Every structure is written in structure tokens, then in C-alpha cells.
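Work through the exercises below with the sequence and the structure at hand. Try each task before reading its solution.

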Amino acid sequence: DLQSRQHLMSVFAAIVQVVFGYFAGDYIVKKGKTHEMLTGLFVAGVVLMVAGFWWDTAIPINKRIWTSSYTVYTSGMAMVVLAMLIYMIEFKGLRGWLSRFFDVFGKNPLFIFMISVLIPRTQALIRIHDVNEIGQPVILTPFNWFYQHVCKPIGSDPRMGSLVYAIIMIFFYWAMVWWMDKKKIYVKV
């Protein structure tokens, strides 16, 4: 069916994004902490973002199905953000609460990836009977229930509820790896 084909095609886009990440990491390691590396990473990111926007005119940027334009654009965005973080932390020495916040994610990235897939799939096995906005019975997962009853009502704009949900989920996963870091538990290949 169409949904299965879209899912299969999105796997290729995810693989391409991993390859972009690998090449960016390899580039950083080979060039070292130099201005040449920083400039090259930033320029490559901007070029990919522009290419993603240009590609958007033919294939719309769509996260849900991981279109190729989405993959190129977000890979570029990640490179630009990474270049800015390297500049601020490594070149300007701006270390503080923000760099420490992200530090725990960097110490256990494999665990974060595994748990961010495992928890939503596992909790999807739990069914909560509820009623939607128009009074029809629905079945929700715990995360869906949390979004519908805690985050969504926060404002009149549904994007606000979505933002709050995303921030809470980031802190939820962060708390796990923060605790692991305090206990010196690191998941590595």
C-alpha cells in the first residue's frame, strides 16, 4: 500500500542524513579545531539549506515522509548549528549551563536514540479509553493522552501545545541521560 511505500522511501532519506552526518563528523576530525574547518562546515550547511529550499519547489519539505528536500535542508541546518556551537564552545570558550545541558546528550547518544524509539513504541501498547472534542470514544496511548489533556489546552494556538509537548519530551529524555551521567553509565558500541 501507499503508506508502506512512503515508509520504505523515507528510510532511504534517513540513511542519506546519517551519511551526511558521518561526512560532517569525519571532516571535523580530519580538519581539527581550525577556522578552515569551521568555515567549511558552516558554508556546507548553508549550501545544503539553500539546496533544500530550492528542492522544495519540486518536492515539498515534509518531515512526516522524510522527503529528500527535508533531508537536505535539515542536514544543512544541523551543520550550521553544529558550526555555531563549535565556534561558541571551542573557539570562544563559552561554557556554561547551556553547554552542560547538551553535554549529557553527547555522552549517551546511542542510548537516547534507542530509548526515543523504544519508549514511544512500548507505551503505544497501553490503551487509554477517552472521548475526543466532539464526544466520540477514542483510544489513546499515554503520550497521546498527555498531549491531549495537558499540553494541547495550554493555549488557543495548537502549535503552543505542540511546542510545550516537545520541550517536555526533551527534558524527559534529558533527565534519563543526566542521571546516567551522574552514575557514570555510558552506552557505547
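## Exercise 1: Helix α3

**Task.** List the residues of helix α3 that are buried.

**Solution.** Begin with the run at the start of the list: Ser69, Tyr70, Thr71, Val72, Tyr73, Thr74, Ser75 and Gly76 are buried. Then add Met79, Val80, Ala83 and Ile86. Keep in mind that this is a predicted model.

**Task.** Compare the expected span of helix α3 with the distance between its end C-alpha atoms.

**Solution.** Helix α3 covers residues 68-91, which makes 24 residues. The rise is 1.5 Å a residue, and the expected span takes one less than the number of residues. So the helix should span 34 Å. Its end C-alpha atoms are 33 Å apart, and the two values agree.

## Exercise 2: The whole chain

**Task.** Describe the order of helices and strands along the protein chain.

**Solution.** Count the elements: there are seven helices and two strands. Now read along the sequence: the pattern is α-α-α-α-α-β-β-α-α.

**Task.** Give the overall dimensions, burial and surface of the protein chain.

**Solution.** Along the principal axes, the C-alpha atoms fill a box of roughly 60 × 50 × 35 Å. The chain has 189 residues, and 26% of them count as buried. The accessible surface is about 13,200 Å². Carbon and sulfur atoms hold 70% of that surface.

**Task.** What share of the contacts with a separation of 6 or more joins residues 24 or more positions apart?

**Solution.** The share is 51%.

**Task.** How many positive and negative side chains are there, and how far apart are the centres of the two sets?

**Solution.** The chain has 18 positive side chains and 10 negative ones. The centres of the two sets lie 7 Å apart.

## Exercise 3: The nonpolar cores

**Task.** Find the residues that touch the most other members of the largest nonpolar core, and the helices that build this core.

**Solution.** The largest nonpolar core has 13 residues. Phe105, Tyr173 and Val177 touch the most other members. Helices α4 (97-107), α5 (109-123) and α7 (158-182) each supply at least two residues of this core. The largest share, five residues, comes from α7.

Next, look at Val177. Set aside its neighbours within four places in sequence. Val177 is then in contact with Val104, Phe105, Asn108, Phe111 and Ile112.

Apart from the largest core lies another, of 10 residues. Ile28, Val72, Met79 and Ile86 are among them. In general, nonpolar side chains tend to be buried together in soluble globular proteins.

## Exercise 4: Single residues

**Task.** Is Ser99 buried or exposed?

**Solution.** Ser99 lies in helix α4. Its relative accessible area is 16%. Buried means under 20%, so Ser99 is buried. Leaving out residues up to four places away in sequence, Ser99 touches Ile89 and Leu94.

**Task.** Place Trp66 and Lys184, and classify the accessibility of each residue.

**Solution.** Trp66 sits in the loop between α2 (35-56) and α3. Its phi is positive, about 45 degrees, although Trp66 is not a glycine. At 24% relative accessibility, Trp66 counts as partly exposed.

Lys184 lies in the segment after α7. Its phi is near 60 degrees, a positive value in a residue other than glycine. Exposed means over 50%, so Lys184, at 63%, counts as exposed.

**Task.** Which glycine takes a positive phi just after α3?

**Solution.** The residue is Gly93, with a phi of about 65 degrees.

Methods:
Residues are numbered from 1 along each chain as its sequence is written. This is a predicted model: local features need pLDDT of at least 70, side-chain atom pairs count only at pLDDT 80 or more; totals for chains, interfaces and linings use all residues. Side-chain values use heavy atoms; hydrogens and water are left out. Helices (H or I, at least four residues) and strands (E, at least two) are DSSP runs, numbered from the N terminus. Buried means under 20% relative accessible area, exposed over 50%, partly exposed in between (1.4 Å probe, protein chains only). Contact means heavy atoms within 4.5 Å. Accessible areas come from the Shrake-Rupley method with a 1.4 Å probe; for residues, only the protein chains shown count as cover. Lys and Arg count as positive and Asp and Glu as negative; His and the chain ends are not counted. The place of a charge is taken as NZ of Lys, CZ of Arg, CG of Asp or CD of Glu. A nonpolar core is a set of buried Ala, Val, Leu, Ile, Met, Phe, Trp, Tyr and Cys residues joined through side-chain atoms within 4.5 Å.
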